[in-house]
Structures are given as C-alpha cells and as structure tokens.
Amino acid sequence: MVSIADVARDAGVSSSTVSYVLSGKRSISPETRDRVEASVRRLGYHPHAGARALASSRTNVLALVMPLRADIDVQVLMGFVTSVVTSARKYDYDVLLLTNDEGPDGLRRVADSAMADALLVMDVESADPRVPVLRSLRCPTVLIGLPDEPGDLSCVDLDFSAAAKRCVQHLADLGHEHIALVGPSPAVYERGTSFAGRFLNGFTEATRARGLNAPSQPCSPSYDGVRECLDKILVEQPRLTGLVVHNEAVLGTLLSELRARGSRVPEDVSVVAVGPDEMAANQPMRLTTVPLLSDDVGRIAVEMTMRELAGSSAPEVRLLSPRLAHGDSTAQRD
C-alpha cells in the first residue's frame, strides 16, 4: 500500500507538505502542489479513511435513514437512494444506509457513535416521533419528506398536494366528471406517512373546487387488494371514467384487472399515475404520469446537507413543483 511517505519521496518534499496539500490547511506554492498531486496520481495514493477522520474530525460519511417496512415499495425508494449516493460522491462522501426501523433510539445511537457527519432521513410521518430527537442532536440533519412541524430542520420533497391537484386538473380538463383515487396501502395512512396525507388532502381540495364527487380508497399491494379497492370505488362511483393512482406497487395489477373487467384504457377509463419515470416505461402502454422527481430530491437533499456541514445555511423547506408527463393512458371524455 502506498504511504504518504512514498508520495513525499517521489515528489521531493516532506510528508507534512504532502499532508498540507491534501488537507488544504496551509498555503502551498502552485509548483509544489502540482508536483505533489502528480505523485499522488502516479503512485495511486489514497488517504487512509480512519486517519483522515481523526485529522479532520470528519468521517466523510452521510447516514441515510430509510426504514424498510412491509408496506413500502423498495424499488421506488431505491431511486432516492441512488440519487443521494451519486450526489454524495461528487463531494467525496460515502453513504451509510440504515434500514432498521429503530425510531428515535436509532437516531441517537448513530449520532452518539459519530459514524457519520450528517443524517438524511426518509419515510417521514406527519407527526414523526423522530423530529424532536433530531432537533436535539448536534448532527446536521435533512429530511426527505415534510412533517407537520419541521421547526428548524431542513426538508425537501415533491409537493404532493400540488401533484394531486395537477392530476385532478388534467382529468377534469379532459371532461371527466366521475373520478376516484387509488391510494397507498391502509398501513401507510394509518402510520400517518406525510406524503400520503398531503396527496389525499390535495386530491380532496381539487375535486371539491371542481365540483366533483370523487371517492378515494387505500389499496393493499396484492391482487385481492386491488379487486377489493376497485369494487369499493365502483359502488361509490358506478359511472367511473377516470382514476388517479398513487400506489406504484399495484399499478400493473390494476391495469390488468381493468382489462379483465372489460374496461379499456383510455377509451373507458383514463388513468394518471404518480411514480418514477421507469414505472411508466414498464407498462403495456405509455402512461400519463406525475414523476416523483427522485433525482432532484436526492440531489437537493445532499446539497442542503453540505451547506449545513459548512455552517453556511439556515434551515429551509423546499417542495418541488410537480410536472405532468403526457402519455397514452388518458383521453378526452366525449
């Protein structure tokens, strides 16, 4: 393994000079810096992570807290994880993924162990019990999600209320007067997950503003759950012509069940779905969707974290405006 002494000998300088070049703690002449950096590249030197952490009081690690629960779509969450990891590497940071559902105690454990320089927290609830603990920690924290009372915590997310309103607006503008919402699983609502509640509120507000009687139903991620959800919707809305689907896990099954019931998409029922871009690409037809913007959300979360680590940022809340990607699953109502 190449050492800092090897780099110093190759560059013809002292080991302390190499250390100053790598850390940036002292001003070094451009000629000497160039010579040291050339030796680093030529020899393939990599600073020892443990030594670097001791010297700088930094680990260069971000902890991403993403509890893996039975009612979540892991594939969707991995889009956010990929964005966070990719963005963190641009700052020479690694990401420690924490998937146990440990609640507030788990956050204290991570912060007290100093295994990471900052926390990014996902799967945020409206009245999240972790928020008071996060406020008390000295560790910089960014939420990917929006609790009811974020206080002095920075948050970033898609504006799910606006996303729901955009879906309703699209269907209503196409002439659909009998629509419904297929929501996440009952457990997601029962847990008080923030994004689900915000989307439902936005859907309700938008349908009332347009004078629509539009029921909503949670949907368990199973074939029987989809059938039961559709049955309940059709009891409340027998003249159904439009569906807003806020449940990526059931989308394929839902489209199959509509076909099995003789309902053609979009001729009989228009469908607009909320989810990642690849979700639309993996269906039999190109869907009309409101993308989750996971790439942007993850990137902005890391940027917020870096500003907090640098001590140059006040807490902020950023809700990204939704966009509608037109596809073949919605059509004008005659």
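**Chat: a parallel sheet and its surroundings**

Tutor: Let's start with β6, residues 179–183: strand β6 runs parallel to β7, and three bridges join the two. Keep in mind that this is a predicted model.

Student: OK, which residue in β7 does L181 stand opposite?

Tutor: That's S216.

Student: And what's the strand order in the open sheet they belong to?

Tutor: Going across, the order is β7-β6-β8-β9-β10, so to speak five strands with parallel pairing.

Student: Which strands sit at the edges?

Tutor: β7 (216–218) and β10 (288–291), each of which pairs on one side only.

Student: How are neighbouring strands turned against each other?

Tutor: By 20° on average, if you ignore direction.

Student: Which strands does helix α12 lie across?

Tutor: Helix α12, residues 251–260, lies across β6, β8 (242–245) and β9 (270–275). Its angle to β8 is about 165°.

Student: Switching topic. How many helices and strands are there in the protein?

Tutor: 14 helices and 11 strands.

Student: What box do the C-alpha atoms fill?

Tutor: Roughly 80 × 40 × 35 Å along the principal axes.

Student: And what share of the residues counts as buried?

Tutor: 49% of the 334 residues. On the surface side, the accessible area is about 15900 Å², and carbon and sulfur atoms account for 49% of that.

Student: What about contacts between residues at least 6 apart in sequence?

Tutor: Of those, 70% join residues at least 24 apart.

Student: Last one: how many positive and negative side chains?

Tutor: 35 positive and 43 negative, with the centres of the two sets 5 Å apart.

How values were computed. Residues numbered from 1 in each chain as written. Heavy atoms only, no water. Helix = DSSP H or I, 4+ residues; strand = E, 2+ residues; numbered from the N terminus. Buried < 20%, exposed > 50% of the residue type's maximum accessible area, 1.4 Å probe, protein only. Contact = heavy atoms within 4.5 Å. Areas by Shrake-Rupley, 256 points an atom, 1.4 Å probe, with all protein chains shown as cover. Lys, Arg positive; Asp, Glu negative; His and termini not counted. Charge placed at Lys NZ, Arg CZ, Asp CG, Glu CD. Pairing = 2+ DSSP bridges. Axes fitted to C-alpha atoms, helices over the stretch in contact; angles between N-to-C directions.
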